[in-house]
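Here's a quick briefing to read with the model open. Take a look at the fold before going through the points below.

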Amino acid sequence: MKKEKLIAILIMISLSVIIIFIMINKDANVGFSNKAIYKEGFYFDTYIKITLYDCKENSNSSKDFDSILNECINICSYYENICSPSDENSELYLLNHNKDYLSGHDYTISEELANIINKTNEITTPFKSKFSIYSGDLCSLWDFNKKTIPSSTEINQSLNNLKDNKPSSITLGASAKGYITDKIVEYLRSQGINEALIDLGGNIYVIGDKYNDNLYGIGIKKPFSSTGEIIVSLRMKDKSIVTSGIYERYFENDGKIYHHIIDIETGYPAENDILSVTIIADSSMVADCYSTGCLLMGKEYALNIINNNLYEDVECIIIDNNYNIYLSDGLAFENDCVVLKKD
(Lines give C-alpha, C1' and ligand atoms only; values in the text may rest on other atoms or scores of the structure.)
Protein backbone atom coordinates (compact mmCIF):
# COMPACT_ATOMS: atom_id res chain seq x y z
CA MET A 1 0.00 0.00 0.00
CA LYS A 2 2.81 2.40 0.83
CA LYS A 3 4.38 1.74 -2.56
CA GLU A 4 1.07 2.41 -4.30
CA LYS A 5 0.69 5.70 -2.42
CA LEU A 6 4.20 6.75 -3.39
CA ILE A 7 3.52 5.97 -7.04
CA ALA A 8 0.31 8.01 -6.89
CA ILE A 9 2.18 10.96 -5.36
CA LEU A 10 4.85 10.79 -8.03
CA ILE A 11 2.23 10.78 -10.77
CA MET A 12 0.59 13.87 -9.27
CA ILE A 13 3.93 15.64 -8.97
CA SER A 14 4.78 14.87 -12.58
CA LEU A 15 1.73 16.81 -13.74
CA SER A 16 3.12 19.97 -12.19
CA VAL A 17 6.51 19.90 -13.85
CA ILE A 18 7.34 20.65 -17.45
CA ILE A 19 7.84 17.11 -18.60
CA ILE A 20 4.52 15.38 -19.07
CA PHE A 21 5.58 12.28 -20.90
CA ILE A 22 8.66 10.40 -22.00
CA MET A 23 7.99 8.14 -24.98
CA ILE A 24 9.85 4.84 -24.63
CA ASN A 25 10.48 2.77 -27.77
CA LYS A 26 9.22 -0.77 -27.19
CA ASP A 27 10.08 -2.19 -30.60
CA ALA A 28 11.61 -5.58 -29.82
CA ASN A 29 13.28 -5.65 -33.23
CA VAL A 30 15.87 -3.02 -32.36
CA GLY A 31 17.81 -5.45 -30.16
CA PHE A 32 17.22 -3.90 -26.74
CA SER A 33 15.85 -5.50 -23.63
CA ASN A 34 13.22 -2.74 -23.31
CA LYS A 35 14.05 -2.53 -19.61
CA ALA A 36 14.85 0.74 -17.92
CA ILE A 37 16.62 0.90 -14.58
CA TYR A 38 15.93 3.91 -12.42
CA LYS A 39 16.33 5.42 -8.97
CA GLU A 40 14.03 7.93 -7.31
CA GLY A 41 14.39 10.18 -4.31
CA PHE A 42 13.43 13.46 -2.68
CA TYR A 43 16.09 16.16 -2.87
CA PHE A 44 16.07 19.93 -3.31
CA ASP A 45 12.46 19.97 -2.04
CA THR A 46 11.28 17.97 -5.03
CA TYR A 47 11.08 14.43 -6.41
CA ILE A 48 13.93 13.32 -8.64
CA LYS A 49 14.31 10.38 -10.97
CA ILE A 50 17.34 9.10 -12.85
CA THR A 51 16.71 6.47 -15.53
CA LEU A 52 19.20 4.42 -17.54
CA TYR A 53 17.87 3.09 -20.84
CA ASP A 54 20.94 1.52 -22.40
CA CYS A 55 20.67 -1.84 -20.66
CA LYS A 56 21.23 -3.82 -23.85
CA GLU A 57 20.81 -7.58 -23.98
CA ASN A 58 24.33 -8.96 -24.69
CA SER A 59 26.30 -5.77 -24.06
CA ASN A 60 27.39 -3.62 -21.15
CA SER A 61 27.05 -6.81 -19.07
CA SER A 62 30.04 -5.85 -16.93
CA LYS A 63 28.44 -2.57 -15.80
CA ASP A 64 26.95 -2.38 -12.34
CA PHE A 65 23.98 -0.16 -13.19
CA ASP A 66 22.66 -0.21 -9.64
CA SER A 67 25.97 1.13 -8.30
CA ILE A 68 26.02 3.80 -11.01
CA LEU A 69 22.53 4.93 -10.04
CA ASN A 70 23.44 4.91 -6.36
CA GLU A 71 26.38 7.19 -7.10
CA CYS A 72 24.01 9.58 -8.93
CA ILE A 73 21.90 9.73 -5.78
CA ASN A 74 25.06 10.30 -3.74
CA ILE A 75 25.88 13.27 -5.97
CA CYS A 76 22.44 14.73 -5.23
CA SER A 77 22.94 14.23 -1.50
CA TYR A 78 26.41 15.78 -1.62
CA TYR A 79 25.22 18.94 -3.34
CA GLU A 80 22.11 19.24 -1.20
CA ASN A 81 24.47 19.49 1.77
CA ILE A 82 26.10 22.42 0.00
CA CYS A 83 23.25 24.25 -1.74
CA SER A 84 20.07 23.69 0.26
CA PRO A 85 18.54 27.01 1.38
CA SER A 86 16.44 25.33 4.08
CA ASP A 87 18.62 22.57 5.56
CA GLU A 88 20.15 24.11 8.68
CA ASN A 89 23.30 22.03 8.20
CA SER A 90 23.92 22.98 4.56
CA GLU A 91 26.78 25.29 3.68
CA LEU A 92 24.52 27.81 1.96
CA TYR A 93 22.17 27.98 4.94
CA LEU A 94 25.08 28.49 7.32
CA LEU A 95 26.46 31.22 5.07
CA ASN A 96 23.11 33.02 4.87
CA HIS A 97 22.80 33.00 8.66
CA ASN A 98 26.40 33.82 9.52
CA LYS A 99 26.80 37.07 11.46
CA ASP A 100 30.24 37.81 10.02
CA TYR A 101 29.00 37.48 6.44
CA LEU A 102 25.81 39.49 7.09
CA SER A 103 27.80 42.26 8.77
CA GLY A 104 30.13 42.57 5.78
CA HIS A 105 33.15 40.74 7.13
CA ASP A 106 35.15 38.14 5.24
CA TYR A 107 33.76 34.64 5.42
CA THR A 108 35.41 31.58 3.87
CA ILE A 109 33.31 29.18 1.81
CA SER A 110 34.18 25.97 0.01
CA GLU A 111 35.60 25.96 -3.49
CA GLU A 112 32.49 24.10 -4.69
CA LEU A 113 30.00 26.69 -3.39
CA ALA A 114 32.19 29.52 -4.68
CA ASN A 115 32.24 27.87 -8.10
CA ILE A 116 28.43 27.64 -8.21
CA ILE A 117 28.07 31.27 -7.14
CA ASN A 118 30.65 32.53 -9.64
CA LYS A 119 29.24 30.52 -12.54
CA THR A 120 25.71 31.70 -11.75
CA ASN A 121 26.85 35.32 -11.77
CA GLU A 122 28.67 34.78 -15.06
CA ILE A 123 25.80 33.06 -16.85
CA THR A 124 23.15 35.52 -15.67
CA THR A 125 25.07 38.62 -16.79
CA PRO A 126 22.51 39.45 -19.55
CA PHE A 127 19.74 39.62 -16.93
CA LYS A 128 21.42 41.66 -14.18
CA SER A 129 18.86 44.50 -14.30
CA LYS A 130 16.18 42.14 -13.00
CA PHE A 131 18.04 39.19 -11.49
CA SER A 132 20.49 38.78 -8.61
CA ILE A 133 21.56 35.82 -6.50
CA TYR A 134 21.78 38.28 -3.59
CA SER A 135 18.01 38.75 -3.53
CA GLY A 136 17.38 36.05 -0.94
CA ASP A 137 16.02 38.50 1.63
CA LEU A 138 13.67 40.03 -0.92
CA CYS A 139 12.41 36.68 -2.22
CA SER A 140 11.88 35.36 1.32
CA LEU A 141 9.35 38.14 1.94
CA TRP A 142 7.00 36.31 -0.39
CA ASP A 143 5.36 33.31 1.29
CA PHE A 144 3.45 31.37 -1.35
CA ASN A 145 2.15 28.88 1.19
CA LYS A 146 0.51 31.54 3.34
CA LYS A 147 -0.43 33.56 0.24
CA THR A 148 0.51 36.88 1.78
CA ILE A 149 1.78 39.99 0.02
CA PRO A 150 4.69 41.80 1.71
CA SER A 151 4.24 45.42 2.69
CA SER A 152 5.69 48.10 0.42
CA THR A 153 7.93 49.14 3.33
CA GLU A 154 9.46 45.66 3.56
CA ILE A 155 9.95 45.46 -0.19
CA ASN A 156 11.52 48.91 -0.44
CA GLN A 157 13.91 48.15 2.42
CA SER A 158 15.12 45.00 0.67
CA LEU A 159 15.46 46.84 -2.65
CA ASN A 160 17.47 49.59 -0.99
CA ASN A 161 19.77 47.02 0.59
CA LEU A 162 20.34 45.49 -2.84
CA LYS A 163 21.08 48.87 -4.41
CA ASP A 164 23.50 49.70 -1.58
CA ASN A 165 25.22 46.29 -2.00
CA LYS A 166 24.59 45.40 1.62
CA PRO A 167 25.21 41.73 2.47
CA SER A 168 22.09 39.68 1.84
CA SER A 169 21.18 36.03 1.82
CA ILE A 170 22.09 34.24 -1.40
CA THR A 171 19.55 32.32 -3.45
CA LEU A 172 20.63 29.67 -5.95
CA GLY A 173 17.15 28.57 -6.95
CA ALA A 174 17.76 29.52 -10.57
CA SER A 175 21.00 27.58 -10.98
CA ALA A 176 21.77 24.89 -8.39
CA LYS A 177 19.66 22.10 -9.87
CA GLY A 178 21.12 22.83 -13.28
CA TYR A 179 24.65 22.69 -11.91
CA ILE A 180 23.94 19.38 -10.17
CA THR A 181 22.28 17.95 -13.29
CA ASP A 182 25.42 18.73 -15.27
CA LYS A 183 27.52 16.95 -12.63
CA ILE A 184 25.36 13.84 -12.92
CA VAL A 185 25.56 13.92 -16.72
CA GLU A 186 29.35 14.25 -16.50
CA TYR A 187 29.52 11.25 -14.18
CA LEU A 188 27.20 9.06 -16.29
CA ARG A 189 29.19 9.76 -19.42
CA SER A 190 32.40 8.90 -17.59
CA GLN A 191 30.82 5.51 -16.84
CA GLY A 192 30.01 4.87 -20.49
CA ILE A 193 26.27 5.46 -20.18
CA ASN A 194 24.88 6.32 -23.62
CA GLU A 195 21.13 6.55 -23.07
CA ALA A 196 19.66 8.10 -19.94
CA LEU A 197 17.15 10.58 -18.60
CA ILE A 198 17.89 12.80 -15.60
CA ASP A 199 14.92 14.59 -14.04
CA LEU A 200 15.71 16.77 -11.04
CA GLY A 201 12.23 18.08 -10.39
CA GLY A 202 11.77 19.49 -13.89
CA ASN A 203 15.43 20.05 -14.74
CA ILE A 204 15.67 17.52 -17.55
CA TYR A 205 18.68 16.14 -19.35
CA VAL A 206 18.43 13.50 -22.08
CA ILE A 207 21.63 11.61 -22.82
CA GLY A 208 21.90 9.94 -26.21
CA ASP A 209 19.38 9.70 -29.00
CA LYS A 210 17.17 6.99 -27.54
CA TYR A 211 16.76 3.59 -29.14
CA ASN A 212 17.55 3.34 -32.84
CA ASP A 213 17.80 7.14 -33.31
CA ASN A 214 14.24 7.53 -32.05
CA LEU A 215 15.03 10.56 -29.86
CA TYR A 216 13.20 11.51 -26.70
CA GLY A 217 9.66 12.84 -26.87
CA ILE A 218 9.00 15.67 -24.43
CA GLY A 219 5.76 17.49 -23.74
CA ILE A 220 5.55 21.00 -22.32
CA LYS A 221 2.53 21.67 -20.17
CA LYS A 222 0.06 24.35 -21.15
CA PRO A 223 0.32 27.13 -18.53
CA PHE A 224 -2.38 26.96 -15.86
CA SER A 225 -3.82 23.73 -17.30
CA SER A 226 -5.48 21.68 -14.57
CA THR A 227 -5.48 18.52 -16.71
CA GLY A 228 -1.83 18.40 -17.75
CA GLU A 229 -2.66 19.42 -21.30
CA ILE A 230 0.32 19.55 -23.65
CA ILE A 231 0.72 22.82 -25.54
CA VAL A 232 3.80 21.83 -27.55
CA SER A 233 5.99 18.75 -27.95
CA LEU A 234 9.72 18.41 -28.62
CA ARG A 235 12.03 15.70 -29.88
CA MET A 236 15.57 16.01 -28.55
CA LYS A 237 18.84 14.22 -27.86
CA ASP A 238 21.85 15.14 -25.75
CA LYS A 239 20.23 18.30 -24.42
CA SER A 240 18.92 19.82 -21.23
CA ILE A 241 15.35 21.10 -21.25
CA VAL A 242 14.26 23.47 -18.47
CA THR A 243 11.05 25.47 -18.20
CA SER A 244 10.20 28.41 -15.97
CA GLY A 245 6.57 29.47 -15.78
CA ILE A 246 4.50 31.87 -13.76
CA TYR A 247 2.01 29.03 -13.14
CA GLU A 248 4.44 26.83 -11.19
CA ARG A 249 4.11 28.56 -7.79
CA TYR A 250 1.56 31.30 -7.44
CA PHE A 251 -1.51 32.55 -5.64
CA GLU A 252 -4.29 34.94 -6.54
CA ASN A 253 -5.36 38.00 -4.59
CA ASP A 254 -8.24 40.23 -5.74
CA GLY A 255 -8.05 38.65 -9.18
CA LYS A 256 -4.31 39.30 -9.58
CA ILE A 257 -1.72 36.54 -9.92
CA TYR A 258 1.41 36.68 -7.76
CA HIS A 259 4.05 34.16 -8.83
CA HIS A 260 7.47 33.16 -7.51
CA ILE A 261 9.79 34.79 -10.06
CA ILE A 262 10.63 38.12 -8.45
CA ASP A 263 11.87 41.16 -10.38
CA ILE A 264 14.59 42.96 -8.38
CA GLU A 265 13.74 46.24 -10.10
CA THR A 266 10.28 46.33 -8.53
CA GLY A 267 10.42 43.76 -5.73
CA TYR A 268 7.27 42.17 -7.12
CA PRO A 269 6.66 39.17 -9.41
CA ALA A 270 7.69 39.87 -13.00
CA GLU A 271 4.96 41.37 -15.17
CA ASN A 272 5.40 41.08 -18.92
CA ASP A 273 4.11 39.17 -21.95
CA ILE A 274 5.44 35.70 -21.01
CA LEU A 275 3.66 32.79 -19.33
CA SER A 276 6.52 30.32 -19.70
CA VAL A 277 9.99 29.94 -21.17
CA THR A 278 11.55 26.61 -22.11
CA ILE A 279 15.30 26.60 -22.70
CA ILE A 280 17.14 23.90 -24.65
CA ALA A 281 20.90 23.86 -24.11
CA ASP A 282 23.95 21.64 -23.79
CA SER A 283 24.38 22.75 -20.17
CA SER A 284 21.54 22.33 -17.70
CA MET A 285 22.95 25.14 -15.56
CA VAL A 286 22.79 27.51 -18.53
CA ALA A 287 19.25 26.31 -19.29
CA ASP A 288 18.26 26.80 -15.65
CA CYS A 289 19.61 30.36 -15.45
CA TYR A 290 18.28 31.37 -18.85
CA SER A 291 14.77 30.08 -18.25
CA THR A 292 14.45 32.35 -15.22
CA GLY A 293 16.31 35.27 -16.78
CA CYS A 294 14.31 35.25 -20.01
CA LEU A 295 11.01 35.10 -18.15
CA LEU A 296 12.04 38.13 -16.14
CA MET A 297 13.04 40.15 -19.22
CA GLY A 298 10.04 39.59 -21.51
CA LYS A 299 9.55 38.08 -24.96
CA GLU A 300 11.34 40.60 -27.19
CA TYR A 301 14.46 40.79 -25.04
CA ALA A 302 14.50 37.01 -24.49
CA LEU A 303 14.34 36.15 -28.20
CA ASN A 304 16.97 38.76 -28.99
CA ILE A 305 19.41 37.53 -26.34
CA ILE A 306 18.92 33.88 -27.35
CA ASN A 307 19.31 34.55 -31.08
CA ASN A 308 22.40 36.73 -30.63
CA ASN A 309 24.03 35.30 -27.53
CA LEU A 310 27.52 33.97 -26.90
CA TYR A 311 26.05 30.57 -25.97
CA GLU A 312 25.51 29.23 -29.48
CA ASP A 313 23.80 26.06 -28.29
CA VAL A 314 20.96 27.83 -26.42
CA GLU A 315 17.45 27.83 -27.91
CA CYS A 316 14.06 28.73 -26.45
CA ILE A 317 10.33 28.20 -26.72
CA ILE A 318 8.20 31.02 -25.36
CA ILE A 319 4.49 30.86 -24.54
CA ASP A 320 3.08 34.38 -24.38
CA ASN A 321 0.06 35.74 -22.53
CA ASN A 322 -2.21 34.75 -25.41
CA TYR A 323 -0.80 31.21 -25.54
CA ASN A 324 1.03 31.90 -28.79
CA ILE A 325 4.21 29.86 -29.31
CA TYR A 326 7.48 31.54 -30.32
CA LEU A 327 10.65 29.69 -31.31
CA SER A 328 14.22 30.94 -31.37
CA ASP A 329 16.08 30.82 -34.67
CA GLY A 330 17.61 27.39 -34.15
CA LEU A 331 14.29 25.59 -33.71
CA ALA A 332 11.59 24.54 -36.16
CA PHE A 333 8.39 22.51 -36.30
CA GLU A 334 8.64 19.09 -37.89
CA ASN A 335 5.58 16.82 -37.92
CA ASP A 336 3.97 18.92 -35.17
CA CYS A 337 7.03 18.57 -32.91
CA VAL A 338 9.71 21.15 -32.19
CA VAL A 339 13.16 20.00 -33.26
CA LEU A 340 16.58 21.53 -33.72
CA LYS A 341 17.10 22.80 -37.23
CA LYS A 342 19.44 20.62 -39.27
CA ASP A 343 22.76 22.18 -40.29
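Helices and strands here are DSSP runs, with at least four residues for a helix and at least two for a strand, numbered from the N terminus. By that count, the protein has 10 helices and 15 strands. Keep in mind that this is a predicted model.

**The whole chain**
- Half the story is inside: 50% of the 343 residues count as buried.
- About 16900 Å² of the protein is exposed, and carbon and sulfur atoms supply 46% of that area.
- Looking at contacts between residues at least 6 apart in sequence, 64% of them join residues at least 24 apart.

**The nonpolar cores**
- As a rule, nonpolar side chains in soluble globular proteins tend to be buried together.
- The largest nonpolar core here has 67 residues, and the members touching the most others are Leu 172, Ile 184, Leu 188, Ile 198, Ile 279, Tyr 290 and Cys 294.
- Helix α2 (residues 65-83) puts in the largest share of this core, with 10 residues.
- Another core of 17 residues lies apart from it, and its members include Val 206, Val 232, Leu 234 and Leu 331.
- Back to Leu 172: leaving out residues up to four places away in sequence, it touches Leu 92, Leu 113, Ile 116, Ile 117, Thr 120 and Ile 133.

**Helix α7**
- Helix α7 covers residues 152-163, and at 1.5 Å a residue its 12 residues should span 16 Å; the end C-alpha atoms are 16 Å apart, so the two agree.
- Which residues of α7 are buried? They are Ile 155, Ser 158, Leu 159 and Leu 162.
- These buried residues cover an arc of only 100° around the axis, so they sit on the same side of α7.
- Part of what covers the buried residues of α7 is α6 (136-140).
- Just after α7, have a look at Asn 165, which takes a positive phi of about 60°.

**Ser 291**
- Ser 291 belongs to helix α9 (residues 284-297).
- Is Ser 291 buried or exposed? Its relative accessible area is 0%, so Ser 291 is buried, given that the cut-off for buried is under 20%.
- The side chain of Ser 291 makes a polar contact of 2.9 Å with the side chain of Ser 244.
- Not counting residues up to four places away in sequence, Ser 291 touches Val 242, Thr 243, Ser 244, Val 277 and Ile 279.
- Ser 244 therefore turns up both as the polar partner and among the residues that Ser 291 touches, with Ser 291 itself buried.

Technical notes
Residues numbered from 1 in each chain as written. Predicted model: local features only at pLDDT ≥ 70, side-chain atom pairs only at ≥ 80, totals over all residues. Heavy atoms only, no water. Expected span 1.5 Å × (residues − 1). Buried < 20%, exposed > 50% of the residue type's maximum accessible area, 1.4 Å probe, protein only. Arc of directions from axis to C-beta. Contact = heavy atoms within 4.5 Å. Core = buried A, V, L, I, M, F, W, Y, C linked by side-chain atoms within 4.5 Å. Polar contact = N/O pair within 3.5 Å; in protein donor to acceptor, adjacent residues only side chain to side chain. Areas by Shrake-Rupley, 256 points an atom, 1.4 Å probe, with all protein chains shown as cover.
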